[in-house]
Amino acid sequence: MQKSFIAQNPSVLWFLACLGVFTLGVTILSEATGTGVISTSFVKTLGKVLCLCLVAIAMDVVWGYCGILSLGHFAFFGIGGYAVGMWLMYARTEAIVIENLASRTIPPTPVEVNEAIATQIFGVVGSSDFPLIWAFSHSLTLQMLLVVLVPGLLALVFGWLAFRARVTGVYLSILTQAMTLALALYLFQNDSGLRGNNGLSGLQNIPGFEAVPQSVISMGFFWASALALALGYVMFARVLSGKMGSVIRAIRDDEPRVRFLGYHVESYKLFIFTLTAVVAGIAGALYYPQAGIINPAEIVPIASIYLAVWVAIGGRGRLYGAVIGTAFVSLLSSWFTGGGAPAVDLGFYTIQWTEWWLVLLGTSFVAVTLFFPGGIGRVFDKFARKSS
Amino acid sequence: MIRILTFALALLCLPVALFAQDLQSLLQTHQKVVAKPSRKSVGPVLDALVNSGLPQVPGFLEQWQGKALYVRKEDGVFFYTSKGSEGLTLIDISSGETSATVDAKTMKQVKPNGGVRKAIGAALVQFQLSDPNIERRRKAVESISQKLDASQIAPLKASVAGEKDAALKLRKERLTGYLTARFGTDSAARVAAIEALNNDLSVQGRAVLSQILEAELVAAETVPDANLAEVVTPGSSALSREAAYEILVTKHGFPPRVSDNDIRLALEANVEGGKAGGVPVVQLDDLQKRELAYDTLAARGLVQTRVSDADLDRAFGEWGFYQTYLEDDTAVTAAAREVQKTIQTKVSLNQAADLGLDAISLASIYFLAAVGLAITFGVMGVINMAHGEFIMLGAYTGYVVQQFITNYTLSLVVALPLAFAVTFAAGVAMERLVIRWLYNRPLETLLATFGISVALQQLAKNIFGTQARPLTSPGWLDGAWIINDVVQISYIRIAIFVLALLFLGLLLFILNKTRLGLEVRAVTQNPRMAASMGINPDKIKMMTFGLGSGIAGIAGVAIGLFAKVTSEIGSDYIVQSFMTVVVGGVGNVWGTLAGATMIGVFQKGVEWMNPSNTLAAQTYMILFIILFIQFRPKGIIALKGRAAGD
């Protein structure tokens with residue numbers, strides 16, 4: 001008899017349990033809802049890490065399970081952030097502008113309000129008109145749709161072109177990297193309509209919730225991120241189990257053979273590529289309101305490569321590996337670069353970790369690739385196998 | 001114009017003037033002006049001095065300009081002076097002989113202000129034009145060319161015949177041509193001068209033409225009696241309706257248009273009892289209601305009536321708009337127009353040539369940056385993300401060498417092989433320690449080399465700091481090869497082009513003519529068969545990787561010469577390098593060349609269409625490459641048969 005989904009994937013339950021305990025723990029210890037041991041800014045950091053974990057499991061699915069080393073998933077993440085950022089920025093500026101114009105003797109016309117908002121937002125790049133891509137920015141619903149649609153469509157078109165031409169392996173990686181670079185360079189221009197290298201800012205202020213303190217808002221985003229991660233994990237585990245999952249793993253292991261068996265490989269790859277891009281977009285939409293600012297520097301190709309690094313360190317081909325790797329490396333990274341790590345005095349030279357962290361990361365990453373291809377996740381493999 | 005005429009007249013009676021007076025008496029006739037010159041009054045005096053033809057005049061003008069002229073208070077006679085121990089020693093102006101020494105209090109220094117000194121300088125130019133010292137002549141010509149002025153035609157023309165320096169003579173003749181074209185009195189002479197500009201691509205020559213063709217936009221009810229350039233219709237791309245009406249408003253007293261903002265201000269000023277123009281204030285958040293209210297106010301005579309589009313149409317029906325040349329002579333403007341057209345064609349042809357040179361130079365940079373990668377990636381199938389850092393390593397090697405060897409030429413000669421050696425060693429070390437273990441896992445090679453790239457980049461930052469380090473090129477590489485005023489290319493870029501050619505030749509030689517090349521090709525095609533023929537594949541792979549990395553080091557020195565050396569210098573080129581290799585076709589030096597050329601030409605082409613935006617050029621280039629891969633997934637020059645692998 002066919003075993004149930006949960007019975008087949010005991011790690012899903014374990015993961016959900018761990019995530020639940022973690023969320024509960026943070027809730028109890030936070031400033032807004034508990035004792036206040038964890039500061040608001042740290043809650044934000046943890047919420048951001050959860051979003052990064054979400055994009056990392058998407059990366060793991062596309063790379064670890066399907067064998068496509070995409071160096072463009074952080075671009076989809078950024079697009080999601082931009083899409084939600086546009087609404088946040090528009091709505092907040094609108095509130096400010098209406099308040100300013102209220103003091104006039106004559107009530108403002110819609111055109112005047114619109115012009116004032118445009119001047120406020122685009123004054124920094126020397127423009128006072130709304131570009132075409134801001135057409136939906138007044139509506140949260142439409143922008144939320146864009147969070148899903150833009151990365152999805154971009155991935156669909158790009159993937160269709162690339163997979164159809166049978167671009168595989170490192171060529172595909174280079175091509176996705178080129179796509180990411182093109183997007184970043186485009187956004188760096190002042191006339192891109194997204195404020196050039198200034199990016200979108202003030203995203204931590206949620207319109208309509210001005211009276212709510214940041215500590216509460218950050219908890220809200222933390223819960224939302226945890227929920228999104230849980231849903232994403234379950235969804236991907238579901239997609240990857242059963243026959244479909246087997247085909248996807250088979251594509252990774254030997255693409256021509258799967259093709260000869262009669263499967264339409266391109267459709268499977270396109271499906272996975274697009275689905276993960278959409279999830280990356282959603283993760284970005286949750287991440288950037290917590291970060292408060294988004295600019296093109298966030299989505300340059302190197303960010304996507306770091307994403308691959310996290311997954312590799314966590315151990316690819318296991319969803320929990322991606323989560324562990326991302327949480328471990330990004331928290332460690334903020335500990336080292338934030339000056340939390342004590343300097344090491346060698347007598348003739350003092351190692352400041354803010355300067356040497358990247359050297360350590362780079363070399364240890366090489367070591368992981370060479371000596372522990374399974375990554376950290378491998379430690380948990382035995383555990384997962386025993387329980388099943 | 002009058003000044004030229006008087007000058008010409010004066011030239012005619014030169015011999016008479018010579019005998020007529022000496023300098024001092026001439027100065028005395030204008031005593032007041034000379035002693036206290038003002039910008040307005042100094043002109044006639046200068047003319048008189050110049051026209052006198054006295055040999056001492058240039059010297060006098062210089063002294064006057066240099067505030068070295070003194071006037072004796074009691075009788076107003078002018079002297080030069082030299083400072084002695086007991087006061088001022090007077091020097092006679094006409095003869096230059098020293099006379100008495102007097103108390104400084106009896107003398108007064110003549111201090112012309114800036115404007116006057118400028119006027120004196122302008123008068124001096126004609127003497128300097130035939131000065132025996134070539135530097136002074138050159139300076140005088142430059143000062144004329146900076147500000148073309150009608151008064152300079154005659155002196156310039158006069159000095160051409162006596163000019164011995166060929167280059168300067170040519171320059172003088174050109175300038176005379178410009179001046180005649182712009183300010184000449186004779187129509188035929190001007191047309192001839194303008195037509196002579198036909199082959200002149202210089203900015204100044206083009207400026208002269210556009211100054212002759214300077215036009216003014218006027219509105220008139222009937223066609224104006226002037227040198228008409230063209231009739232402009234309002235609402236066309238040359239003249240918007242708003243701009244056309246603005247001319248009528250400013251020049252012909254039409255009522256100005258009322259903007260939406262004016263309406264708002266007017267309504268705000270006329271709010272009475274919660275209403276403005278009969279409309280309740282709360283309803284005024286609508287533009288149509290606002291206009292309605294404003295019209296009510298206008299009907300009451302409180303504000304100016306709105307100018308409607310129909311009013312504009314009516315005005316444009318009665319008034320025409322004309323571009324009229326400031327120059328009255330139709331023959332001159334027609335000739336200038338004709339010449340301008342031919343020059344524009346020539347200029348755009350030359351710009352295309354210039355662009356071609358730029359594209360070639362960019363292509364050679366990409367080629368240099370990518371050819372090392374083409375070997376490691378193409379021949380060995382290994383993605384080396386640290387390739388950019390090898391470029392950086394080479395550039396820093398060049399910088400460090402310059403710290404020890406201060407002769408830039410020598411340091412370059414040392415740096416090039418040293419950079420090769422350093423990056424060769426780094427490449428071999430990396431191959432031995434890391435890549436060797438990952439040959440059958442290409443994606444992991446990519447990530448492992450990325451780790452190395454991150455570590456190396458940060459290491460460079462820790463050692464050399466984040467600020468840019470200069471890699472100075474030797475003096476003989478400064479400057480540019482100027483073909484004409486439009487086409488030019490800097491020597492550094494030529495040197496890089498030569499270097500790229502050199503490497504193309506060298507690589508082709510190594511790969512096709514040497515034992516190493518033979519073995520490399522054998523290992524690439526079939527490692528196991530090569531091994532059974534007695535070739536050591538491990539050693540060959542190591543050597544190949546070292547060679548590719550070493551070339552990256554040399555590329556680093558070359559790139560460092562024109563870009564500042566920073567730890568990011570390599571990552572700026574890495575994606576483009578990958579693109580070059582992929583587009584060109586993997587595993588082929590010719591492919592890399594083709595890829596580099598295509599990317600270079602394409603990028604420059606896009607920049608030409610939109611010159612302000614190099615970022616956009618790169619974006620479009622990458623999009624183009626993504627599409628290109630669709631049609632030729634294996635690149636421009638694809639390997640066929642067994643060598644293609646897969």
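Modeller: Two residues are in contact if their C-beta atoms, placed from the backbone, lie within 7 Å. The model discussed here is predicted.

Colleague: How many residues of chain B are in contact with chain A?

Modeller: The contacts can be counted from either side. On the side of chain A there are 42 residues. On the side of chain B the number is 43.

Colleague: Which helix gives the most to the side of chain B that touches chain A?

Modeller: The elements that give two or more residues to this side include helix H14 (260-269) and helix H25 (571-584) of chain B. Helix H27 (614-631) and helix H20 (442-464) of chain B are also among them. The most, 14 residues, come from H20(B).

Colleague: How many residues of that side of chain B are nonpolar?

Modeller: Five residues of the side of chain B that touches chain A are charged and seven are polar. The nonpolar ones number 31.

Colleague: Which helix gives the most to the largest nonpolar core?

Modeller: The largest nonpolar core has 213 residues. Those with the most contacts inside it include A:Val55, A:Ala56, A:Ile57 and B:Leu368. With 17 residues, the element that gives the most to this core is helix H3 (residues 40-65) of chain A.

Colleague: Which residue of chain B does A:Ala308 touch?

Modeller: A:Ala308 is one of the residues with the most contacts inside the largest core. Leaving out residues up to four places away in sequence, A:Ala308 touches A:Met59, A:Trp63, A:Leu69 and A:Leu71 in chain A. In chain B, A:Ala308 touches B:Leu447.

Colleague: Is A:His264 buried or exposed?

Modeller: A:His264 lies in the loop between helix H10 (255-260) and helix H11 (265-291) of chain A. A residue counts as exposed if 12 or fewer other C-beta atoms lie within 10 Å of its own. Because A:His264 has 11 such atoms within 10 Å, the residue is exposed.

Colleague: What is the bridge partner of B:Ala276 in S10(B)?

Modeller: An open sheet of three strands in chain B has the order S8-S9-S10, with antiparallel pairing. Strand S9 (residues 275-276) of chain B is joined to S10(B) by two bridges. In S10(B), B:Ala276 has as its partner B:Val279.

Colleague: Over which residues of chain B is the pLDDT below 50?

Modeller: Chain B averages a pLDDT of 82, and 94% of the residues score at least 70. One stretch falls below 50, and it has five contacts in the model beyond near neighbours in sequence. That stretch of chain B is residues 13-19.

Definitions and conventions: Residues numbered from 1 in each chain as written. Chains lettered and ligands numbered in written order. Predicted model: local features only at pLDDT ≥ 70, side-chain atom pairs only at ≥ 80, totals over all residues. Core = buried A, V, L, I, M, F, W, Y, C linked by C-beta atoms within 7 Å. Buried ≥ 20, exposed ≤ 12 C-beta atoms within 10 Å, placed from the backbone. Helix = DSSP H or I, 4+ residues; strand = E, 2+ residues; numbered from the N terminus. pLDDT = per-residue confidence, 0-100. Nonpolar A, V, L, I, M, F, W, Y, C, P; charged D, E, K, R; others polar. Pairing = 2+ DSSP bridges.
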